[in-house]
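Trainee: I have just opened this one and have not looked at it before. Could you walk me through it, starting with a place where two parts touch?
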Amino acid sequence: MIDHVLGRPSLKYRKVQVLAVVAFWLTYLVKGNPHGPPGIRNILQLVAGKGRFTTWRTIVSTILYLYVARNFSKLVDLESPEPLAGMYSKSFFRATYVFTALDAGYWTAMKIRNKYLRDFCSVLFSGYYLIAAEAADEKVRRVRACITIQHLRVSWNKGTTPTLKFLQKLLAGNKNKYAARHIRIQRPDESLYSEPIEAWLYFEGSAEELAQQTKLLLDFPGGGFVAMSPRHHEDKLMAWSRKLRIPVLSVDYKKAPEYPYPYALHECYDIYSAIINSNGKVIGFSGDVTPRIAMTGDSAGGSLAAGVCLMIIDAMFGIHTDSESARGRWGRGRRRSVSRRSLPLPEGIVLIYPCLDMNITSWMSDEQMALIRDRSHNTTIKNVTASGHQSSYPTSGLESPASEYEQYESGPVTPLPLPQRSPITPRPLLKPMTAIKSTPSESTLHLAAHRLLDTKPPATTSLAMTSRLSYTSDRILTPEMMRAMVLLYIGPNHRPDFARDYLLSPIVAPESHLARFPKCYFLTGERDPLVDDTVIFAGRISKAKAAAFSEEEEESTPDAGNGEGAYFASVHTAREFREKDWLEVKLLHGVSHGFFQMGSIYPEAWREMDRVAGWVEDVFGEKVERKKSKKGKVESGWKGTRNLMGRRMNRLTGGLILKEESEEE
């Protein structure tokens with residue numbers, strides 16, 4: 001328990017704990033009252049003998065002997081190595097210690113039928129597991145090995161139970177003047193579905209003040225596609241509504257497995273379309289002007305946010321989606337061509353530890369490794385000191401059983417066929433890199449790769465393992481949980497094409513789409529099993545935008561003497577290309593997944609919420625400044641460039657940069 005409280009798992013701390021317990025009780029046996037403390041003493045004196053070794057001493061000595069025997073390996077330094085030593089920061093590990101105890105307590109009490117008794121026992125058991133930290137770790141490990149949809153929902157939805165909700169409000173401190181407002185939004189006419197969409201609106205103002213708003217932050221909350229509503233994300237939603245002073249709308253999309261892919265994605269797209277088409281009237285705006293929208297999404301919500309942007313870009317290109325959305329009770333078996341109305345892209349998009357690749361593989365592909373190693377992409381990523389990205393384990397050749405879905409969802413289902421995997425071709429050994437210090441002129445994506453791979457690679461390996469498998473012992477997100485979520489989200493009767501379905505896995509989106517992506521802010525932990533999704537997706541966007549920019553440069557430069565070429569040349573001369581205008585990525589040192597859910601026990605989460613709010617303010621503020629500029633110097637930023645140069649320059653792009661900040665700042 002001591003190492004959990006101190007936030008640093010260590011064999012030394014555990015040994016000290018055992019020695020302290022043994023020393024305390026030995027001292028008490030020798031120096032304390034031979035019949036025990038008051039209360040117990042009176043009872044034991046009735047059965048105590050006249051000898052020196054009393055009943056109290058007999059009981060304590062027996063328990064102490066069993067305790068020493070159980071922890072003998074710690075006392076003589078024969079304990080197994082600690083896999084989590086140095087993996088997390090101290091504050092984050094303390095937060096996971098509390099979360100693990102809560103999960104263990106709530107899972108222990110989940111079978112109690114009476115709601116009030118179950119809530120009481122959940123808190124009681126969680127208190128026990130806070131003391132018995134190792135027992136909590138073992139309980140959680142066993143449950144996750146055979147996790148079900150019920151376990152996932154009990155774990156992730158526990159934040160709205162009365163006791164935890166009260167504690168969260170108590171610890172949060174800042175309170176909003178206005179409560180969240182539940183709204184129902186009708187779908188647009190071109191939608192495949194007719195059922196209204198549920199959402200929660202957070203705004204620090206009256207209905208009259210809401211009608212005057214022209215900006216909106218649209219949020220898609222995470223929860224593994226199977227759990228959690230906006231009510232479980234109120235820490236960040238209320239914080240953003242206080243700081244930004246604009247409406248924050250969080251979508252309560254339907255969850256799998258009851259509503260499998262792509263139902264939730266179409267819900268999110270439909271609500272964006274309804275807001276744009278009605279000029280915000282559906283959420284209480286006046287409807288006089290088209291609202292300016294920024295998007296956010298964390299974890300599963302990040303996948304949905306990226307998917308919505310790709311659907312908007314599909315409509316820009318005039319792509320008709322051959323949709324398999326009409327499945328199940330919404331028209332199973334029908335295939336129809338869906339023509340979507342062209343919509344403007346959001347002002348910016350914030351992706352917080354997003355899940356962007358549903359194809360859970362063990363090894364990184366040649367293309368992914370080449371992308372990370374490529375020195376041509378202007379990126380600065382600091383504070384990345386991950387370990388375990390190299391592995392000497394050979395490919396097993398094993399495939400998951402076709403009936404895996406049945407582990408998580410009861411009832412008769414059709415087995416889910418899994419895609420065939422191609423054999424892995426060995427690559428040259430990646431040499432270890434030394435620490436690299438970034439300078440203002442050195443800002444390349446290879447810096448991220450060097451930091452991620454800055455470890456001693458085994459001499460026998462030529463493969464790079466993905467972060468999903470590198471961090472199998474993560475305390476928040478395990479491979480078993482990820483597999484369960486993917487199977488439940490896809491459903492038992494859908495065989496996806498992971499290599500081509502970019503609405504399911506945005507990481508495989510074509511470059512033509514990525515070049516049009518709005519301004520992005522990526523935030524994730526360097527120890528997150530999904531960190532590869534962020535780095536690779538951001539790298540692909542950077543590569544696509546850089547290629548589009550170079551193409552426009554080549555087209556405009558040769559005829560710079562007169563006409564259109566002269567105009568483009570003057571624009572390029574006046575406009576200074578800055579990477580930070582396009583993509584910003586931040587990896588938090590010693591942090592894993594889901595830290596926005598830990599605001600009550602992980603103070604650094606509030607700092608990152610404020611930074612996200614500041615970035616959103618900048619996105620909205622930049623456009624205001626550009627509108628004020630009538631002539632003269634060309635303003636930087638993708639939206640400003642689009643306004644000045646029209647549709648032909650809509651593909652102007654930039655690079656990728658990461659703030660050089662550490663958790664200790």
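Mentor: Let us begin with a helix pair, keeping in mind that this is a predicted model. Asp103, Tyr106 and Trp107 in H6 meet His151, Val154 and Ser155 in H9.

Trainee: What does that contact of H6 with H9 have by class?
Mentor: The contact has 3 nonpolar, 2 polar and 1 charged residues.

Trainee: And how do the axes of H6 and H9 cross?
Mentor: The axes of H6, which covers residues 90-109, and H9, which covers residues 149-156, come within 9 Å and cross at roughly 125°. H6 and H9 are therefore oblique to each other, and their crossing is right-handed.

Trainee: His151 is in that contact, so which side chain has a polar contact with His151?
Mentor: The side chain of Thr148 does, in a polar contact of 2.8 Å with the side chain of His151. Thr148 is found in the loop between helix H8, residues 133-145, and H9.

Trainee: Is Thr148 buried or exposed?
Mentor: Thr148 has a relative accessible area of 18%, so it counts as buried.

Trainee: Stepping back for a moment, how many helices and strands does the protein have?
Mentor: The secondary structure comes to 23 helices and 10 strands. Of the 665 residues in the protein, 54% are buried. Looking at contacts with a separation of 6 or more, 80% are accounted for by residues 24 or more positions apart.

Trainee: Back to helices, then: what about H13 and H14, how do their axes cross?
Mentor: Helix H13, residues 263-277, and helix H14, residues 300-317, have axes that come within 9 Å and cross at roughly 65°. The crossing of H13 and H14 is right-handed.

Trainee: Which residues in H13 and H14 meet?
Mentor: On the H13 side they are Ala264, Leu265, His266, Cys268, Tyr269 and Tyr272, and these meet Leu304, Gly307, Val308, Met311, Ile312 and Ala315 in H14. By class, this contact has 10 nonpolar, 2 polar and no charged residues.

Trainee: What comes just ahead in the loop between S4 and H13, where Pro262 lies?
Mentor: That loop holds Pro262, and the peptide bond from Tyr261 to Pro262 is cis, with omega near 5°. Pro257 has its place in the loop between strand S4, residues 248-251, and H13, and the peptide bond from Ala256 to Pro257 is also cis, with omega near 0°.

Trainee: Why point those bonds out?
Mentor: Because most peptide bonds are trans, and, in a similar way, most residues other than glycine have a negative phi.

Trainee: Which residue in the loop between S3 and H12 should I look at for phi, then?
Mentor: Take Phe225, which is found in the loop between strand S3, residues 215-220, and helix H12, residues 234-244. Phe225 has a positive phi of about 70° although it is not a glycine, and at 5% relative accessibility it counts as buried. Met228 lies in the loop between S3 and H12 as well, and its phi is near 75°, a positive value in a residue other than glycine. Met228 is buried, with a relative accessible area of 10%.

Trainee: One more spot: where is the place of Pro518?
Mentor: Pro518 has its place in the loop between helix H19, residues 511-514, and strand S9, residues 519-525. With a relative accessibility of 3%, Pro518 counts as buried.

Trainee: How many residues apart in sequence are Pro518 and Ile541?
Mentor: They are 23 residues apart in sequence, and in space Pro518 and Ile541 are 10.0 Å apart, C-alpha to C-alpha.

How values were computed
Residues are numbered from 1 along each chain as its sequence is written. Side-chain values use heavy atoms; hydrogens and water are left out. Axes are lines fitted to C-alpha atoms, for helices over the stretch in contact, and angles run from 0 to 180 degrees between N-to-C directions. Helices (H or I, at least four residues) and strands (E, at least two) are DSSP runs, numbered from the N terminus. Angles under 35 degrees count as roughly parallel, over 145 as roughly antiparallel, 65 to 115 as roughly perpendicular and the rest as oblique. A crossing is left-handed if the near helix is turned anticlockwise from the far one by less than a right angle, and right-handed if clockwise. Contact means heavy atoms within 4.5 Å. Ala, Val, Leu, Ile, Met, Phe, Trp, Tyr, Cys and Pro count as nonpolar, Asp, Glu, Lys and Arg as charged, and the others, Gly among them, as polar. Buried means under 20% relative accessible area, exposed over 50%, partly exposed in between (1.4 Å probe, protein chains only). A polar contact is a pair of N or O atoms within 3.5 Å; within protein, one must be able to donate a hydrogen and the other to accept it, and residues adjacent in sequence count only if both atoms are side-chain atoms.
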